[in-house]
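This report describes the fold of one protein chain, beginning with its overall dimensions and ending with a single residue. Please consult the sequence and structure shown here.

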Amino acid sequence: MNPQNLGEMANRIADFFAAEPDHAEAVAGVANHIDKFWEPRMQKQLRVRIEQGDASLHPLVIEAMRQIADAQV
């Protein structure tokens, strides 16, 4: 999948959960969605963008991906 499209999709998910007043629940919501509905290749591409310091990604996306990585350890 196009990495640009992945970033846009991830940001739309984060925009939805950003309305959650509890920050931890917002991060968990993004993480849960990506973990459940995104295939591993998509998640890997997103992790690469984060590692490269992609500033276009919503902060909730970055936190959520860290939470997913921590849960997989």
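For 73 residues, a compact globule would have a radius of gyration near 11 Å (taken over C-alpha atoms; the rule is 2.2 Å times the number of residues to the power 0.38); the protein chain has 11 Å, which agrees. The model is predicted, so local features need pLDDT of at least 70 and side-chain atom pairs pLDDT 80 or more, whereas totals for chains, interfaces and linings use all residues. Residues are numbered from 1 along each chain as its sequence is written, and side-chain values use heavy atoms, without hydrogens and water.

The protein chain contains four helices and zero strands (DSSP runs of H or I with at least four residues, and of E with at least two, numbered from the N terminus). Further totals follow.

| Property of the protein chain | Value |
|---|---|
| C-alpha box along the principal axes | roughly 30 × 25 × 20 Å |
| Buried residues (under 20% relative accessible area, 1.4 Å probe, protein chains only) | 33% of the 73 residues |
| Exposed area (Shrake-Rupley method, 1.4 Å probe) | about 4,600 Å² |

Helix H4 covers residues 59-72; at 1.5 Å a residue (times one less than the number of residues), its 14 residues should span 20 Å, and its end C-alpha atoms are 20 Å apart, which agrees. Its buried residues are Leu60, Val61, Ile62, Ala64, Met65 and Ile68. The cover over them includes helices H1 (3-17), H2 (23-37) and H3 (40-51).

Arg49 lies in helix H3 and counts as buried because its relative accessibility is 9%. Leaving aside residues up to four places away in sequence, Arg49 touches Pro3, Gln4, Leu6, Gly7, Asp54, Ser56 and Leu57 (contact means heavy atoms within 4.5 Å).

Conventions
Buried means under 20% relative accessible area, exposed over 50%, partly exposed in between (1.4 Å probe, protein chains only).
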